[in-house]
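The exercises below ask you to read a protein model residue by residue. Keep the sequence and the structure in view, and try each task before you turn to its solution.

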Amino acid sequence: ATVVVRGEPGVGKSTLLDALADELGDASVLRTQGFETEAPLAYAALHGLLRPLARHRGVLPEPQARALRVAFGEEDGPVVEPFLMGVATLSLLTAAAEERLVACLVEDAHWLDPASADALVFAARRLGADRVVLVFAVREGAAREFRPDGLAEMSLRGLEPTAAHALLRHVGDL
């Protein structure tokens, strides 16, 4: 249910995620992106990803729902325990998956703020038979690394010149 897609800039990671989103039909497609400028902001990327699922918070145990509200600045409270945010993320995704498949597409995961990355990786490692797909796209050779242990990885490579020419000829025939 989870894969980290690695590749050089321009190799097609974003195109692959767009194609996946198009192929998923009536699935709930959630997207977020890591930004270098938001990397210091705890839970910035997670907020962007989970915001469309706010209506599902009512089914979460109150400590988890409160952790999300505090982390996302909707309520005052003490600093949120990272474990609780990981559990809340997992619970929210699995609650939404009871209605339909949930696909979480994360671009530029190497720029995720550490708190969001930790919560998403925590959830990814615990997805079992849940109808949740998590795909992280990572730029190979980026200044910041995203190398979570225990998650499947796939490397995208550029096309060989003959394959690139064949693809261009095929697209020209369409």
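A residue counts as buried when its relative accessible area is under 20%, as exposed when that area is over 50%, and as partly exposed in between. Please bear in mind throughout that this is a predicted model.

**Exercise 1.** Decide whether Phe72 is buried or exposed, and find which residues it touches.

*Solution.* Begin with the accessibility: Phe72 has a relative accessible area of 12%, which is under the 20% limit, and therefore it is buried. Next, locate the residue, which lies in the loop between α3 (62-71) and α4 (82-97). Then list the partners: leaving out residues up to four places away in sequence, Phe72 touches Tyr43, Leu46, His47, Leu50, Arg57 and Met85. As a last step, compare sequence with space, for Phe72 and Ala44 are 28 residues apart in sequence, while their C-alpha atoms are 8.0 Å apart.

**Exercise 2.** Describe which residues of α3 are buried and what they pack against.

*Solution.* Start with the buried residues of the helix, which are Gln64, Ala65, Ala67, Leu68, Val70 and Ala71. It helps to recall that an α-helix has 3.6 residues a turn, so residues three or four places apart point the same way. The buried residues of α3 pack against α2 (44-50) and α4. Finally, look just after α3, where Gly73 takes a positive phi of about 75°.

**Exercise 3.** Work out how the side chains of strand β2 (residues 28-33) are arranged, and how β2 is joined to strand β3 (residues 102-107).

*Solution.* First follow the side chains along β2, which alternate: Ser28, Leu30 and Thr32 point to one face and are buried, whereas Val29, Arg31 and Gln33 point to the other face and are not buried. Then turn to the pairing, in which β2 and β3 run parallel and are joined by 6 bridges; Thr32, for instance, stands opposite Val106 in β3. Now consider the charged side chains: Arg31 forms a salt bridge with Glu107, whose closest N and O atoms are 3.5 Å apart. Arg31 lies in strand β2 and Glu107 in strand β3, so this pair ties together parts that are 76 residues apart in sequence. To finish, compare the two ends of the bridge, where Arg31 is partly exposed at 34% relative accessibility and Glu107 is buried at 13%.

**Exercise 4.** Explain what Arg6 is paired with, and whether Arg6 is buried or exposed.

*Solution.* Place the residue first: Arg6 lies in strand β1 (residues 2-7). Its relative accessible area is 3%, and so Arg6 counts as buried. Among the residues that Arg6 contacts, beyond its neighbours within four places in sequence, are Val138, Phe146 and Leu156. Next comes the pairing, since side chains of opposite charge can pair when their charged atoms come close. Arg6 forms a salt bridge with Glu153, the closest N and O atoms being 2.7 Å apart. This pair links distant parts of the chain, with Arg6 in strand β1 and Glu153 in strand β5 (residues 152-155), 147 residues apart. Glu153, for its part, counts as partly exposed at 41% relative accessibility.

**Exercise 5.** Find how many salt bridges the structure holds, and which residues are linked in a network with Glu75.

*Solution.* The structure holds 10 salt bridges. One of them joins Glu75 to Arg66, with the closest N and O atoms 3.0 Å apart. Both partners are partly exposed, Glu75 at 26% relative accessibility and Arg66 at 32%. The network consists of Glu62, Arg66, Arg69 and Glu75, which are linked by salt bridges.

Definitions and conventions: Residues are numbered from 1 along each chain as its sequence is written. This is a predicted model: local features need pLDDT of at least 70, side-chain atom pairs count only at pLDDT 80 or more; totals for chains, interfaces and linings use all residues. Side-chain values use heavy atoms; hydrogens and water are left out. Helices (H or I, at least four residues) and strands (E, at least two) are DSSP runs, numbered from the N terminus. Contact means heavy atoms within 4.5 Å. Buried means under 20% relative accessible area, exposed over 50%, partly exposed in between (1.4 Å probe, protein chains only). Two strands pair if DSSP finds at least two bridges between them. A salt bridge is a side-chain nitrogen of Lys or Arg within 4 Å of a carboxyl oxygen of Asp or Glu.
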